[in-house]
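Hi,

Here is the structure I promised to pass on. Have a look when you get a moment, and my notes follow below.

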Amino acid sequence: MVTLGVYAPVGSQSVAASGGVATVVMLAFKQVLHDWLRSITCKEVRSATLIPAATFIALPGCRKGQSIPGASSNRRRSGS
């Protein structure tokens with residue numbers, strides 16, 4: 001919260017205000033979030049980190065028409 005208080009006069013007030021609103025919402029749902037986080041398994045956390053990593057790291061590195069090494073492709077070839 002100190003960061004938001006410092007950011008308001010120095011930076012954008014709308015960004016500081018939206019950060020404050022997000023903090024209040026998270027605090028309002030604190031118990032719900034804690035229960036949800038206790039129920040998450042290690043496999044789910046791993047999947048949640050691999051999907052964005054593949055999207056933002058691996059896919060932009062692929063040229064158009066190339067496939068990702070190790071990924072299976074079930075696309076039909078056109079004209080067959």
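The protein chain has 4 helices and 0 strands, where helices (H or I, at least four residues) and strands (E, at least two) are DSSP runs numbered from the N terminus. From the N terminus on, its elements run α-α-α-α. This is a predicted model, in which local features need pLDDT of at least 70, side-chain atom pairs count only at pLDDT 80 or more, and totals for chains, interfaces and linings use all residues. Residues are numbered from 1 along each chain as its sequence is written, and side-chain values use heavy atoms, with hydrogens and water left out.

On the surface, the chain exposes about 7400 Å², of which carbon and sulfur atoms supply 64%; accessible areas come from the Shrake-Rupley method with a 1.4 Å probe, and for residues only the protein chains shown count as cover. Of the 80 residues, 2% count as buried (under 20% relative accessible area; exposed is over 50%, and partly exposed is in between, with a 1.4 Å probe and protein chains only).

Val 21, Val 25, Phe 29 and Val 32 make up a nonpolar surface patch, together offering about 370 Å² of accessible area. Patches take residues with over 30% relative accessible area and no salt bridge, joining like charges within 9 Å and nonpolar side chains (Val, Leu, Ile, Met, Phe, Trp, Tyr) within 5 Å. Val 32 sits in helix H3 (residues 30-39) and counts as exposed because its relative accessibility is 54%.

Helix H3 also has a salt bridge, between Arg 38 and Asp 35, with the closest N and O atoms 3.1 Å apart. The rule asks for a side-chain nitrogen of Lys or Arg within 4 Å of a carboxyl oxygen of Asp or Glu, and the count comes to 1 salt bridge. The two residues are 3 apart in helix H3, so about one helical turn separates them. Arg 38 is exposed at 60% relative accessible area, while Asp 35 is partly exposed at 40%.

In helix H2 (residues 13-28) you will find Thr 23, which is partly exposed at 25%. A polar atom of the Thr 23 side chain lies 2.8 Å from the backbone oxygen of Gly 19.

Finally, helix H4 (residues 42-61) has a kink of about 35° centred on Ala 54; the bend is the angle between axes fitted to the seven residues ending at a residue and the seven starting there.

Best wishes

Key
Polar contact = N/O pair within 3.5 Å; in protein donor to acceptor, adjacent residues only side chain to side chain.
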